[in-house]
Amino acid sequence: MTVLSILSKIAGFFKNLVNAGLVTENDQLKNKIDSLENLLKLDLTLNETDGFYYKKNSKIPYCPRCFNVDKVACPLKIKGDPHYQDLKCPNCKEYYKN
Ligand SMILES: [Zn+2]
């Protein structure tokens, strides 16, 4: 094996390392952009009223905890007597009184 072939193999090894790093970093940046785009869409579609979040022209409340902490929109489910509404989040299991 010549010195040149050894150097060529070493160069190829480092080239692969650099390429692998760039692919990983590119994927991480794409994921970050996706989550920021989703957050922006949520911010544009949900409005806060009395501590709950609502879509425009809708009376269905969304979980404030999930929106503020996890940045996801989870519609709350009504539990028990409809005149005395207990609201439960199916995602984080948080209970609210309305
Ligand atoms: Zn929740």
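**Strand pairing and overall layout**

Leu 46 sits across from Lys 55 of strand E2. This pair belongs to the antiparallel match between E1 and E2 (residues 52-55), which is held by four bridges. It is a handy way into the fold of this predicted model.

Zooming out, the protein chain has two helices and six strands, and going along the sequence they come in the pattern α-β-β-β-α-β-β-β. The whole thing is more spread out than a compact globule, because its radius of gyration comes to 25 Å, well over the 13 Å that the globule rule gives for 98 residues. The box around the C-alpha atoms tells a matching story: along the principal axes, these atoms fill roughly 85 × 25 × 15 Å. Burial is scarce on paper too, with 6% of the 98 residues counting as buried. As for contacts with a separation of 6 or more, 22% of them link residues 24 or more positions apart.

Back to the strands. E1, E2 and E3 make up an open sheet of three strands, in the order E1-E2-E3 and with antiparallel pairing. Strand E1 (46-49) and strand E3 (61-62) are the edges here, each pairing on one side only. Generally speaking, strands of a sheet pair through backbone hydrogen bonds, in either a parallel or an antiparallel way.

Another open sheet of three strands runs E4-E5-E6, again with antiparallel pairing. Its edge strands are strand E4 (77-79) and strand E6 (95-97), and each of these pairs on one side only. From one strand to the next, the twist averages 35 degrees. Within this sheet, strand E5 (residues 86-88) and E6 pair in the antiparallel sense over three bridges. Lys 88 has Tyr 95, in E6, as its bridge partner.

Two loop residues stand out for their backbone angles. Most residues other than glycine have a negative phi. Asn 57, which is not a glycine, nevertheless shows a positive phi of about 60 degrees. Asn 57 is located in the loop between E2 and E3. It has 5 C-beta neighbours inside 10 Å, and so counts as exposed, the cut-off for that label being 12 or fewer.

Lys 71 is the other case: its phi is near 60 degrees, a positive value in a residue other than glycine. Lys 71 lies in the loop between helix H2 (64-70) and E4. With 13 other C-beta atoms within 10 Å, Lys 71 is partly exposed.

Technical notes
Residues numbered from 1 in each chain as written. Predicted model: local features only at pLDDT ≥ 70, side-chain atom pairs only at ≥ 80, totals over all residues. Rg over C-alpha atoms; globule rule 2.2 N^0.38 Å. Buried ≥ 20, exposed ≤ 12 C-beta atoms within 10 Å, placed from the backbone. Contact = placed C-beta atoms within 7 Å. Pairing = 2+ DSSP bridges. Axes fitted to C-alpha atoms, helices over the stretch in contact; angles between N-to-C directions.
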